[in-house]
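Reader: Could you take me through the largest pocket in this protein? I'd like to know what lines it and which residues lie nearest its centre.

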Amino acid sequence: MKNYKRVLALVCAGLMGISMMGCGGDTSSKSTEAEATPDSDDKETVSADGEDETSSDKKFKIGIQMKTLDSGFFVTLAEEFTTRIEELGWEATVANADSDTMKESGNMDTFITQGYDLIFIDPYETEGCVEAINRAVDAGIPVICMDNSCGEAAKVVSIVYPSNVKNGLLCGSWVAANRFEADEQINSVCMGGQKDLEAARERRMGFIAGILMERLNLTEDEAIEMGTAMEKEVIAKGSAVNEDAKFSVGGIGWGAYTSNGGLDAAEDLVVANPDMNLMFGENDAMLLGAMTAIENAGLSDQVILAADADGQKEALELIKSGTNYACTGNNQPGATAEAAMEIAVDILVNGADPTSFDRVTLTNPACINPDNVDEYYDPDSAF
């Protein structure tokens, strides 16, 4: 959080100098679901000279629209945003869509009618969120998309997330180079989270492309082109093979990004693919659940597990311990929150034009493996 703390210090200093926000004032913001948040036009603040004053523009109200809060990753992501918002003395409200586009849309309308100053959204569906985002922007509320992508027609300030493709490339390439012999057949299965989400497709495709890049000595662009075609075949037909790379994807299961979902999907994949020696997945939670099915089938010594997100603590502990959990991609929630909040501060405090930012803002990609896991592991982390 070094960059964010530097921004926070500059913000507080600037605000004290112009007596806008009163960084030393009341910071007792609420984090509740949007439907339960009452309109509050007058808030007690303390100005730079220490006198109380009542003004509606001394704090910013920030909405955090989460697609779900049913796993540790999403809970931690919401908490990372809430913490940073409240450190600035602003008000944070978390709304949960419960994996429902209609509820997501209703939550966004609540933020609009209650006059929020900025909204962060973690979309449930790439295209399903577009109309709700544009309603907010048309109402004068900047919207920053985070964690997942949104449709091209969405008028967002920026889409802030890790480079899913790059994480996938790094993890797929590392696994192929470090866990399999060059001429060894890789019989894999894929643990998917959500079929129609662009970020999900990027993760699947990136990992496949990484293996092809390593095995066929391709450039990144060549690997991405071939990986895209192979991922599409997996989705359309349920399997795909590249004979030159000695690499196959024998099946795909849908685990909805949760441990329980991963366990359920893995039970079917294990039965249908007894010769598999690699299971790769879109996040750690699903693979952590899948491990139980693999153990129950007596395949723990046979199957390597590799995720291309998120860097969950339990996964890092398995990587540190030298288990069959080989690697994961760097998608830790704090990095996304830090990058997105810097954009929000620039707009709300510094007056930056919301249309002036790059369409996509990427955090640093990395393949977290036994050689570098200590750089990312925090035993006190909530996630």
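Author: Here is a walk through the largest pocket, with a short look at the largest cavity afterwards. First, this is a predicted model, where local features need pLDDT of at least 70 and side-chain atom pairs count only at pLDDT 80 or more, while totals for chains, interfaces and linings use all residues. Residues are numbered from 1 along each chain as its sequence is written, and side-chain values use heavy atoms, with hydrogens and water left out.

A pocket here is an open set of points on a 1 Å grid over the protein atoms alone, with protein on both sides within 12 Å along at least five of seven lines; a cavity is a set where a 1.4 Å probe fits but cannot get out, and lining residues have an atom within 4 Å of a point. A volume is the space filled by probe spheres set on the points, which are joined across faces, edges and corners.

So, the largest pocket: its volume is about 620 Å³. Its lining has 24 residues, with Asn330, Gln332, Gly334, Ala335 and Glu338 nearest the centre. Helices (DSSP H or I, at least four residues) and strands (E, at least two) are numbered from the N terminus. α2 (72-87), α10 (313-320), α11 (333-348) and β14 (360-363) each chip in at least two lining residues, and α11 gives the most, five.

α2 turns up again at the largest cavity, where α2 and α6 (198-216) each supply at least two lining residues. That cavity holds about 90 Å³ of space, and Phe73, Phe74, Asp147, Arg203 and Tyr257 lie nearest its centre.
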